[in-house]
Amino acid sequence: MRPSRRAGLLCVALAWALLSGCGTGVSTAEQYKVTLVAKSTQTEFWLSVFAGAEAAATEYNLDLTIIGPETEEDYETQNQMVSQAAQAGADAIVFSAIDYKNNASAIDEAAQKGSKIVAIDSSVDSEMVSTYIGTDNYAAGQMAAQAALDRVDGPLTVGIINYDISSANGQERERGAVDVLKASGRAQVVAVVNTLAEAEHARADTETMLRRYPQINVLLAFNEPTSVGAAEAVEELGLSQQVFLVGFDSNVATVDGLQDGAVDALVVQNPYAMGYLGVESAYQLISGHGGTLERVVDTSTQVVDRDNLFTMDSQKALFAFEQHWE
Amino acid sequence: MKKDAPRTGLRTTTILVAMVVSVVAIILCCCIVLFLNRYRSAVVQNARTSSAQAVSQVSTTVGNYLKDMTQAMELVKQSISESADSRDKLLFAFLTFRPDVVAVTSYSETGQLLDCWSLGREPRENILQNLSFDLDMARASDSAYMTAPHVESLFEGYYPWVVTMTAPLEPGGQAAWVSLDLSFSSISSYINNVSIGQRGYCFLMDKTGNIVYHPQQQLLYAGLKSEQMAALAGMQDGTYANDTVIYCAASVADSDWRVVGVSYVDELVNRNVTEMIHLSMALAVVVLAAAVLTSWLLSRLLGRPLRGLTAAMESFETDADHFTYRPVGGTREVQELSDSFGHMVLRIQRLMSTVREEEVNLRKTELKALQAQINPHFLYNTLDSIAWMCEQGRNAEAVRMVHALARLFRISISKGHELIPIAKEIQHAESYLQIQKYRYKNQFTYTFDVDPACLNYYCNKITLQPIIENAINHGLDLLVDEGEIDVRVRQDGDDIVFYVQDNGVGMTPEQLRTIMQRDPTDRTGIGIKNVDDRLKIYFGKGYGLHITSEPDVGTCVEIRMPKLEEGDYEAK
């Protein structure tokens, strides 16, 4: 009875197809794993990034892990974190590179293991980066310099407090600032210091710089901790009136400084957008809609000074809703 | 048997399967379309309802928050009207009790900050801009009013988002207005956590279309996201759905705030519908497959035995004699058909054999009648010869002639048997040749060369004589030289072959053909064709005569028949 056996086989195949069809229909889609490797987990800037990232993760139903090293110089730990994340099967890694060059190989390896790479805030020297979301750092540097040029008359003697020299975005900002200062014809950069991205070190280094070059009347600090440190140094030395300090990002200390006079302008980035868009792009890459992604997405940057500190836009840019005040 | 024209009709299997499948497919399509339509509208309704529920919940919560604020304001106003000492005490107790109140401030007629009560905090000396109090607005409104959320700007190092309620105080006191800053974080985190579906969210706006609070305001002000505020501002409370988004608006009681819920049709509706489409497609496939399977099985059940029957009929058509019918199984109708066919086959076969038997019998009777006929010329001539011999006194020769003639007739008749031993047939031929030799005055000689093993087999009687007669009449009669007739009998496997060879004038192929086709009409006796027919009737197509002849050389007639023992043919 050959035909009946064949019919039986067909029945079994049908039943199997039905069952498997139901199986795929009923089971919910598996959560994608996304790991955000930050430069730091401490500063307000990064907390705001995380808030944005978590909002996007909730929205797109992603399993988001946020990690970052203790200090903003520790690229080796970052590399470890990246390879661990890739090992653990992260579908995408949202990454902010401490070191433009030295983070590259870890990112390449992770990409080879199948993780999609999205760079936020600070990019890395890898072809595997699908999209970069962050500030146009060169333009931000230009804005910082322009803010000083607009508000200070006469010749400018400029001191620059920058963080780790191998970080791409710090160097970009410095380049933008120096280019604008040079173009103005009335500014001279007398000192550049690369300090650690940590307020205490930045304060000490700024004090040393100001003591050594008392003629400095404009200070540019290129990220949140260096701005805080520079503000402290200026206040401590009683130079609030003499020195025009342009800082980066929003921190309680620099906002206080802005009201007290120690800080004169802040270039405020949009960390929330970086986190949110970073994770959103990661989702789009994983789910196969990555084709529409731009290579570079510029999150907005704005300059806040004493006059527009409390406009609604500045309030929203500077003060996160998510902050918990103890 | 001529070949059938190629069939153009479709098989029952194909037709049945196609019909069932198409009917099922049409029904399924209708059902699925109907079902999906109903399902989609139900899901849309469901999404609208859940969206409306979420929004009304948020609206209630925000309303409660505001009501709570009004109540707190009453307390504050009462406390402030007390004397300075008990006022401070009451307010600090209030602040301890209500940790979500960030600060209470009082202002003079000119908008000067008079007092600030806040737990563990003192306002900074130089307040850059006090966002909690606006003199113009305070003067413009004659009752308590509320601001949009803003950052608390009174303190150093402390910038929480608050909503401020400002109320005028009873005139007469030092302070003209009192402001209450209530932390907004409880509401913001509540709104942040509201989700409608996976990606849907709520936000707060005021009546004029300004966003009061949006969970993604950092994206909004950066221009990375936008809301259609103008359209939303003109919207009444209720639920509005377009192709991609469901908007749901609800006013917050006792304020000019509104809650707007945004949810996505795509994830709330389309995903469910797509899932349902997939499911119903899978189901449709299964049902179709089942339909195909059952109709296929059904048609096999019918079609296979029918095809078996057809094949049987075809083979019966090609070879009716050797066809043995094997009944075909299947449903009862088919079995009945099969049985009928079986009966019919038996009937036809029986009829055919009867017809054949009758035909053979007829031929045999014909032959017997023919054989019974003695060529009268031969008889007259022979008798004339004998008479002439007697007259001449050649008595011995006459006696031999008479004997030969008698033997010839005896064997011709053979008691009516058709088959006689080959020995007899040889005697018959010899007698004939003897007589003819006298008559032809020794114009020819003859020899017999017979394999003795053949003698006991049987053959049809009067097989050789017509051949020999033909050889004498046509081959030797016209010959000038002395003629020769050689008769040989040999075994050839299961056959016996007679050869009758003469050295006469021979025949052209045309003559050969006429001899083999012509019935003896003008002459009596048995013609060559008759011998051939007879052998073929008795033994089949493979037997009979084969003549090879060459003009001026001679003719050889080959007679082939099977080895027959006595009684063989009757047994057959």
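Mentor: Let's fix one term before we start: two residues are in contact if their C-beta atoms, placed from the backbone, lie within 7 Å. Keep in mind that this is a predicted model.

Trainee: Okay. Of the contacts in chain B between residues at least 6 apart in sequence, what share join residues at least 24 apart?

Mentor: That share is 64%. The chain in question has 572 residues, and 30% of them count as buried. Its secondary structure comes to 15 helices and 18 strands.

Trainee: How confident is the predictor, and where in chain B is confidence lowest and highest?

Mentor: pLDDT is the predictor's confidence in each residue, from 0 to 100. Helix α15 (residues 568-571) of chain B sits at the bottom with a mean of 55, while strand β16 (residues 495-502) of chain B tops the list at 92. The average for chain B is 84, with 94% of the residues scoring at least 70. Chain A averages 86, and there 90% of the residues score at least 70. One stretch to watch is residues 21-28 of chain A, where the pLDDT is below 50; beyond near neighbours in sequence, that stretch has 5 contacts in the model. For the model as a whole, ipTM is 0.80 and pTM is 0.62.

Trainee: Now burial. Is A:Leu258 buried or exposed?

Mentor: The test is a count: 20 or more other C-beta atoms within 10 Å makes a residue buried, 12 or fewer makes it exposed. A:Leu258 has 24, so it is buried. This leucine lies in helix α9 of chain A. Leaving aside neighbours within four places in sequence, A:Leu258 is in contact with A:Val263, A:Leu266, A:Arg306 and A:Leu309. A:Leu309 is 51 residues away along the chain, yet the two C-alpha atoms are separated by 8.2 Å.

Trainee: And B:Thr324, buried or exposed?

Mentor: B:Thr324 has 9 other C-beta atoms within 10 Å, so it is exposed. You'll find B:Thr324 in the loop between α7 (265-318) and α8 (332-372) of chain B. From its C-alpha to that of B:Leu346, 22 residues apart along the chain, the separation is 8.9 Å.

Trainee: What about a whole helix: which residues of α4 (residues 185-193) of chain B are buried?

Mentor: They are B:Ser185, B:Ile187, B:Ser188, B:Ile191 and B:Asn192. Look down the axis of α4(B) and these buried residues fall within an arc of 160°, so they line one face of the helix. On the face turned away from the buried side of α4(B) are the exposed residues B:Ser186 and B:Asn193. The cover over the buried residues of α4(B) includes α1 (12-80), β5 (161-168) and β6 (177-183) of chain B.

Trainee: How many residues are in the largest nonpolar core?

Mentor: It has 161, and among those with the most contacts inside it are A:Ile93, A:Val94 and A:Phe95. Domain 1 (25-135 + 270-300) and domain 2 (137-268) of chain A both give residues to this core, so it lies between them. A:Val94 touches, among others, A:Val34, A:Val118 and A:Val279. Apart from that core lies another, of 42 residues, including B:Tyr438 and B:Val531.

Trainee: Last one: how many residues does each chain bring to the contact?

Mentor: Chain A brings 33 and chain B brings 35. On the side of chain A that touches chain B, α1(A) gives the most, with 7 residues. By class, that side of chain A has 18 nonpolar, 10 polar and 5 charged residues.

Terms used. Residues numbered from 1 in each chain as written. Chains lettered and ligands numbered in written order. Predicted model: local features only at pLDDT ≥ 70, side-chain atom pairs only at ≥ 80, totals over all residues. Helix = DSSP H or I, 4+ residues; strand = E, 2+ residues; numbered from the N terminus. Nonpolar A, V, L, I, M, F, W, Y, C, P; charged D, E, K, R; others polar. Arc of directions from axis to C-beta. Core = buried A, V, L, I, M, F, W, Y, C linked by C-beta atoms within 7 Å. Domains from an automatic or database assignment.
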